[in-house]
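Let's work through a few exercises on empty space, helix packing and backbone oddities. Have a go at each task before you read its solution.

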Amino acid sequence: MPSSFPPPQPRPAILQTPREVHGAITPAELARLGMDPGQVIDFSANINPYGPAPGVRSALTQVAIAAYPDPEARNLRQALAEHVRQPPARILPGHGASELIWLIALAFLDPGDRAAVLGPTYGEYARAARLMGAQTVSWLASPDDDFAVHPDAIAQMLGRVQPRLVFLCHPNNPTGQPYPLGALAQWAAAHPTALFVVDEAYLPFLADGRSALSLEASNILVLRSMTKDHALAGLRLGYAVGPDAVIDALAQVQPPWSVHAMAQAAGLASLAAQSWVDASLAQVREDARALRRALRALGWRPHPSATHFFLLPVEDGVQVREGLLRQGVVVRDAASFGLPGHVRIAARTPAENARLLEALGRAIA
Ligand SMILES: Cc1ncc(COP(=O)(O)O)c(C=O)c1O
């Protein structure tokens, strides 16, 4: 007998919050186009094209997968603590930085709270906040001045909104712009009860990037991802670094064993190969500079960026992406960032970058 009751409904915030669009082509889209993953070069996902580091794959073969992983990931925490020169109690590993963004919203936002987002930026900050029933308010950098950060305008917005949480990405995805840390220190001091979440997923891609950890503020939490610089996106690994009490609150709401045994082993092996990772990132910086130079020589006008990815103004980002995809080259159309006249490109190896340059010419011909 079918029931006469409608199915149980989730919370209204869940029905009202759309899913986010991400880079990286999905198997579903490849299947729609009749292509297989070996046929495409992915410039859309901002991942170190030279990784993962040597030693990671063999470490994975040693993992005891029938046993539960260490729920506190103590060895990994210790290695991360040495890497960032902070005590282990100030660190929480997560199932990618994404999990940590969601845990922050879960631990720090009540329905009706306000969260400020400095954009245009990674969509999961606003999404996680909205799923908790919070309101989000954004300050948006503009393509008209190459997405420059305007500290006074941001300070005014924060003063008006009085947020409980502030999300910013340093350097920012998709603009590649870092934030002036002096300004961040002032905002954090002016709003001591707000938690400033500084997502440093891409900081390791900068030669001389300065971390918000250097500010030693009691209301700044830094997020790092090991999926980008260490190229472990399939394994899902990130970490938060910040005040003990904030770390404890996140640990309190984290599902058990969410950093699985393979991720813990891969993280340890990859941190042990940090000098290899650093050398590969120096090469990525060089490749990105060469790619931007080549684009400019062909008449393109990429926006300046401190990272290996950058925004490229085009007529119609969706069309350019489609034109490239048909040639086996994937870029990120920036429509979901509110920038339909841009695509985002993450530099890859010189040979792959040459393929992109050829395909781009044909895509707009
Ligand atoms: C700014 C930013 N933060 C976090 C993430 C998610 O990182 P993870 O793969 O560690 O979940 C991404 C992924 O694209 C990102 O761009």
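**Exercise 1. Find how many cavities of 30 Å³ or more a search of the whole structure turns up, then describe the largest cavity.**

Step 1: the search of the whole structure gives 4 cavities of 30 Å³ or more. Keep in mind that this is a predicted model, where local features need pLDDT of at least 70, side-chain atom pairs count only at pLDDT 80 or more, and totals for chains, interfaces and linings use all residues. Residues are numbered from 1 along each chain as its sequence is written, and side-chain values use heavy atoms, with hydrogens and water left out.

Step 2: pin down the terms. On a 1 Å grid over the protein atoms alone, a cavity is a set of points where a 1.4 Å probe fits but cannot get out; a pocket is an open set with protein on both sides within 12 Å along at least five of seven lines; lining residues have an atom within 4 Å of a point. Points are joined across faces, edges and corners, and a volume is the space filled by probe spheres set on them.

Step 3: the largest cavity holds about 60 Å³. Its lining includes Leu80, His83, Pro204, Arg224 and Tyr239. Both α4 and β7 (220-225) give at least two residues to that lining; helices (H or I, at least four residues) and strands (E, at least two) are DSSP runs, numbered from the N terminus.

Step 4: sort the lining, and you get 5 nonpolar, 3 polar and 2 charged residues. Here Ala, Val, Leu, Ile, Met, Phe, Trp, Tyr, Cys and Pro count as nonpolar, Asp, Glu, Lys and Arg as charged, and the others, Gly among them, as polar.

**Exercise 2. Do the sorting for the second largest cavity.**

Step 1: this cavity has about 40 Å³ of space. Among the residues lining it are Trp139, Phe147, Asn172 and Tyr179.

Step 2: the lining splits into 5 nonpolar and 4 polar residues, with no charged ones.

**Exercise 3. Move on to the second largest pocket and name the element with the largest share of its lining.**

Step 1: the second largest pocket takes up about 450 Å³. It has 17 lining residues, and the closest to its centre are His83, Leu203, Pro204, Gly209 and Arg224.

Step 2: α4 and α11 (274-297) are the elements giving two or more residues to the lining. The largest share, 4 residues, belongs to α11.

**Exercise 4. Describe how α4 packs on α10.**

Step 1: the axes of α4 (residues 74-84) and α10 (residues 261-272) come within 9 Å and cross at roughly 30°. Axes are lines fitted to C-alpha atoms, for helices over the stretch in contact, and angles run from 0 to 180 degrees between N-to-C directions.

Step 2: that angle makes α4 roughly parallel to α10 (under 35 degrees is roughly parallel, over 145 roughly antiparallel, 65 to 115 roughly perpendicular, the rest oblique).

Step 3: in α4, Asn75, Leu76, Ala79, Leu80 and His83 meet Gln264, Gly267, Leu268 and Leu271 of α10, contact being heavy atoms within 4.5 Å. These residues divide into 5 nonpolar, 4 polar and no charged.

**Exercise 5. Which peptide bond is cis, with omega near -5°, and ends at Pro52?**

Step 1: the bond from Gly51 to Pro52 is the cis one, and Pro52 sits in the loop between β1 (41-42) and α3 (56-61).

Step 2: another cis bond joins His170 and Pro171, with omega about -5°.
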